[in-house]
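Student: I am new to this structure and would like a close look at a single part of it. Could you take me through one loop residue and set it within its chain?

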Amino acid sequence: MKRLLAAMVLAAAAIPMFAGVAGLPAPGDAGSPAHTGVAARYVEHGVRETGAQNLVTGVLLNYRAYDTFGEVMVIFAALAAVSAVLSRGPAQPGSGAARQQVEISPVVAFVIRLTAPFIAIFGVMIILKGHLAPGGGFQGGVILGALLVLLSVVLGRGLERPLVPEPAARWLQAAGPLAFAVVGLFGLACAGTLLSYPPGPGADMLRAAMMLVLELGIGIGSAAIILWLFLQMRGE
Amino acid sequence: MSAWLPLAAFVPLVAGALTSALARRRPRLAQGWALAAAAWTLLAATVLTRRLFLEGPFSYAMGGWAAPWGIELRFDAWSAASLFIALIMLAVLVYSGPYARDEIESRRLPWYYSLLLLNLGGMVGFACAGDLFNLFVFMELVSVSSYALVAVGGGRIAALAAFKYLLAGAVSSALVLFCIGVLHALTGSLNMADVALRLAEIDSRGPVVLALAGLSAGFMLKAALFPLHLWLPDAHAAAPCPVSAVLSALVVKIGIIGLLRTHAVFAGVEGLPMAAFGQVLAWLGALAIVAGALFALFQDDIKLMLAYSTVSNIGYIVLGLGLANHAAMTGAGIHVLNHAIIKATLFLAAGAIIHQTGSRTLRELRGVGRMMPWSALAVSIGALSIAGLPPTAGFLGKWYIALGAFAAGQPGFAAVLLLGALLIFAYYIRILNAFYFRAPIDDNMRSVREAPLPMLLPILFLAALCILGGLFGRWPVALVAPAVERLAGGG
Amino acid sequence: MGAALQNLDYFAFVILFCIGLHTLVARPNLLKKLLGLNIMETAVFAFIVTSGMVDRGAAPIVDGGATGPFASPLPQALILTGIVVAVSISALALALIIEIYRQCGTIEADELKGAG
């Protein structure tokens, strides 16, 4: 009975999808609406209007910055959600010992410690070069976040003494939304609409600086959030 | 250009992100901060709604890029729902003061308020969205915060209910995103108005029908339309009571607004089986009305009863949308707003009773009407409203939908409406009977006192709105009518 | 029909979507359901990115030397946001699975039905 139901659901989904997708313009065709529509302007004028050679970053941080703000809020919502679900009352002192302690091999610990600075530089570079080459705030932030997770495993600290002390951590987690608030309101004051950039060729440096602030905010915020997600799940 | 529109969603979201950082030293600050942000949002929504009345629908181009190259925010009659969203959320936040202190662990408290603010900002952003992908992002924001809010109170039932809710919601979100991708591949644009224009010029039918069907299915799942409602009763019943109010009154309506926006995008395309689609919606709505009411009738747990009642009322709204004539859609629009107020009243009042007595079943709550007169009065008013008795808010929506059923030449639906109202009346009579006319089953009931003032004030305020909404019914009608004009013109 | 065969890429992603949906619906283990969800989401992202590709085109990075048809940057920006959203949902789902395991001792849906 259950199999029949599952099969019916699958058929109800698959058949319309196949039929519909068959009628779409062929992928890879440069004349299809996906390329001649809105995106044509991004490709044509993107570098001049946004100052970003990486058009994807230009779209993310300039043309469709509000969506990126929504994305930053969603990842923060994930942190709030996980904390709301997993936080427990005042930590019992014995619970840390109850957690299984898996011995970290000294080879692993050494390798991680050795490569950590390079990973950190790589992550920061990805964030900073986001508007010139493939990269960006969230990508670099994930790399830094993964590094922080590795370090917190190796250096053996838990929620009691986290890698990033608690007061700083709370503000760092909000770095993404804060960066958007600062840049957005600045844009409102300068150029008249929320999340806009000052127009004109003279403001090139200002635009680049605003984008950098956003990238750093997203990157640092994501890294802090990923570390905290890991610590919450590892928890007591 | 006045910046009220973008800031209406921007401010509560940023405030929600800062809640935990600010409340670290002093957790009491979290509620005050949340109240301030919600009050600000209410102010913004009022300013925007007033401008809507004076000028008609208006837009805002985010980042200074005109649509379709940038993201357009659009405030029209359906966006005015943000007024009710902010109002109910404010009431819930006031109510949460004593409730959350008792029911939610202190470490989770700042996150609870943070999630409520994110939910508020997400809903307001969703209502004002003029861009398909922006709609999706805010829908996800509302969804993620809702899943977590179900489980924030702790306990196994809540965690299981939240997980089921998450799976259902994530499937519908994936489907919606897929259809947005299809629409983008077809038209090259993401702006709703632009897509609607370009769709009308396309030849191939298949993908368009797929996109319409997929978007509708996704939003129907979010709105818990029968038979896709299975996730709702457990989620709404297991959540903490203020959260249940938010979920049943507001979050479920996101699916309805999504359906409306979808309809608006596809309205101009010829050759789509819109009439048949409307019929399907109407039948599903009718089934939901009866099924929801029947399930509710057999529940002993008061929150499960209210949750199934939500399923039933969504049926009313979708029936009105499916009938697709002027009167029915007006009724549907009004019922979206009125049901929000009524369901919020009911869940908050029932929550106060549960909080004070510790019991959730009708059997154990016998005689509580004498011990908690105000809360029980609010439940009574809510019950009368939801059954649709004339001077209350619930009557108007159902009346218009019934008129619409006759106008569409399908009086059978009006009969279903009547049947649903009778069934609802029957189970609310059960509640009132238990509260007022039965003796308590044990002595614990005698020591029960009325709910504290911060909980009582929002309950009574919302109950008063239930009655006022019925007496001054012209206002919601005036609000909804212009939007319905534009929609019902194309059927 | 010949035109339909051009969309072979799209068919592949629809199949992937259905595999994910089947895993989500049919497997009793909660973690496997979550994996099914991830597969579905990945299929949607792949579909969206493919719609922006150009045969023998270049990545949408305009430094001095690059010419020729560029892939559309819009779908890529969309799925970047989409991936973040999927990560958030997965994080919350995992947290809920951890909590369910703590409370109920099992994460098999059959056993949970009796307990919950």
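Tutor: What follows looks at one residue, B:Met445, after a short view of the chain that holds it. This is a predicted model, in which local features need pLDDT of at least 70 and side-chain atom pairs count only at pLDDT 80 or more, while totals for chains, interfaces and linings use all residues. Residues are numbered from 1 along each chain as its sequence is written, and chains are lettered from A, with ligands numbered from 1, in the order in which they are written.

Chain B has 19 helices and two strands, where helices (H or I, at least four residues) and strands (E, at least two) are DSSP runs numbered from the N terminus. Its C-alpha trace spans about 75 × 60 × 40 Å along the principal axes, and of its 491 residues 67% count as buried, a term for residues with 20 or more other C-beta atoms within 10 Å of their own, as against exposed at 12 or fewer and partly exposed in between, with C-beta atoms placed from the backbone.

B:Met445 lies in the loop that runs between α17 (411–437) and α18 (453–471) of chain B. Because B:Met445 has 19 C-beta neighbours inside 10 Å, this residue counts as partly exposed. Leaving out residues up to four places away in sequence, B:Met445 touches B:Gly367, B:Val368, B:Met371 and B:Pro440, a contact being two C-beta atoms, placed from the backbone, within 7 Å. B:Gln356 stands 89 residues from B:Met445 along the chain, yet the C-alpha atoms of the two are separated by 9.7 Å.
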